[in-house]
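New to this one? Take a look at the picture first, and then we'll walk through it piece by piece.

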Amino acid sequence: MSVRKLARDEIGDRGAAIYTSKLRPLLEPQCHGQFVAIDVETEDYEVGIDPDVASDRLWERRPEAQILVERIG
């Protein structure tokens, strides 16, 4: 797990903005009900059937990720 560099509220704000503006239109049609883990610094993301799966996949690729998890839909 990474060390948090950003405050929780900043991670939340950035992640919500990324999800709303970029990922929602892309993910909702085919991934409704799943979870997306978003690295708020790089805007990279992973989708999983639960929050842990999505986060773990993203941390495997980006160990320093600052992650917000959002339910799709």
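Here is an informal tour, starting with the sheet and ending with two glutamates.

## The sheet

Keep in mind that this is a predicted model. A good place to begin is the open sheet, where three strands line up in the order 2-1-3 with antiparallel pairing. Strand 2 and strand 3 are the edge strands, each with a single partner, so each has one side with no neighbour in the sheet. From one strand to the next, the twist averages 20°. As for what holds such sheets together, strands pair through backbone hydrogen bonds, in either a parallel or an antiparallel way.

Now for the pairings themselves. Strand 1 and strand 2 run antiparallel and are joined by four bridges, with A37 finding its bridge partner, E46, in strand 2. The hairpin of these two strands has five residues between them, and there E43 takes a positive phi near 65°. Strand 1 also pairs with strand 3, again in the antiparallel sense, over five bridges. In that pairing, V36 stands opposite E70 of strand 3.

## The covered strand

How much of strand 1 is buried? Five of its five residues are, so to speak, under cover. They point in two directions: F35, A37 and D39 go one way, while V36 and I38 go the other, and all of them are buried.

V36 is a well-connected residue. Setting aside residues up to four places away in sequence, V36 touches Y19, L23, L27, Y45, E46, V47, A54, L68, V69, E70 and I72.

## Two helices across the sheet

Both helices lie over the strands you have just met. Helix 1 lies across strand 1, strand 2 and strand 3, and runs at about 135° to strand 1. Helix 2 also lies across strand 1, strand 2 and strand 3, running at about 145° to strand 2.

Let's zoom in on helix 2, which spans residues 51–61 and has A54, S55 and L58 as its buried residues. Looking down the axis of helix 2, you would find these buried residues within an arc of 95°, so they line one face of the helix. The general rule behind this kind of pattern is that an α-helix has 3.6 residues a turn, so residues three or four places apart point the same way. The buried residues of helix 2 pack against strand 1 (35–39), strand 2 (45–48) and strand 3 (67–71). Over on the other side of helix 2, D52 and E60 are exposed. At the start of helix 2, D50 has a side-chain oxygen that reaches to within 3.0 Å of the backbone nitrogen of D52.

## The nonpolar cores

In soluble globular proteins, nonpolar side chains tend to be buried together. Here, the largest nonpolar core has 13 residues, and L23, L27, V36 and I72 have the most contacts inside it. Two elements, helix 1 (8–31) and strand 1, give two or more residues to this core. Which of the elements supplies the largest share? That would be helix 1, with six residues.

Apart from this core lies another one, made of five residues, including A37, A54, L58 and I67.

## Two glutamates to compare

E46 sits in strand 2. Buried or exposed? With a relative accessible area of 18%, E46 is buried, since the cut-off for buried is under 20%. Its side chain makes a polar contact of 2.8 Å with the side chain of R61. Neighbours within four places in sequence aside, E46 is in contact with F35, V36, A37, A54, R57, L58 and R61.

E70 belongs to strand 3. Its relative accessibility is 28%, so E70 counts as partly exposed. Once neighbours within four places in sequence are left out, the contacts of E70 are Y19, Q34, F35 and V36. For a sense of scale, E70 and D44 are 26 residues apart in sequence, and their C-alpha atoms are 14 Å apart in space.

Methods:
Residues numbered from 1 in each chain as written. Predicted model: local features only at pLDDT ≥ 70, side-chain atom pairs only at ≥ 80, totals over all residues. Heavy atoms only, no water. Buried < 20%, exposed > 50% of the residue type's maximum accessible area, 1.4 Å probe, protein only. Arc of directions from axis to C-beta. Contact = heavy atoms within 4.5 Å. Polar contact = N/O pair within 3.5 Å; in protein donor to acceptor, adjacent residues only side chain to side chain. Core = buried A, V, L, I, M, F, W, Y, C linked by side-chain atoms within 4.5 Å. Pairing = 2+ DSSP bridges. Axes fitted to C-alpha atoms, helices over the stretch in contact; angles between N-to-C directions.
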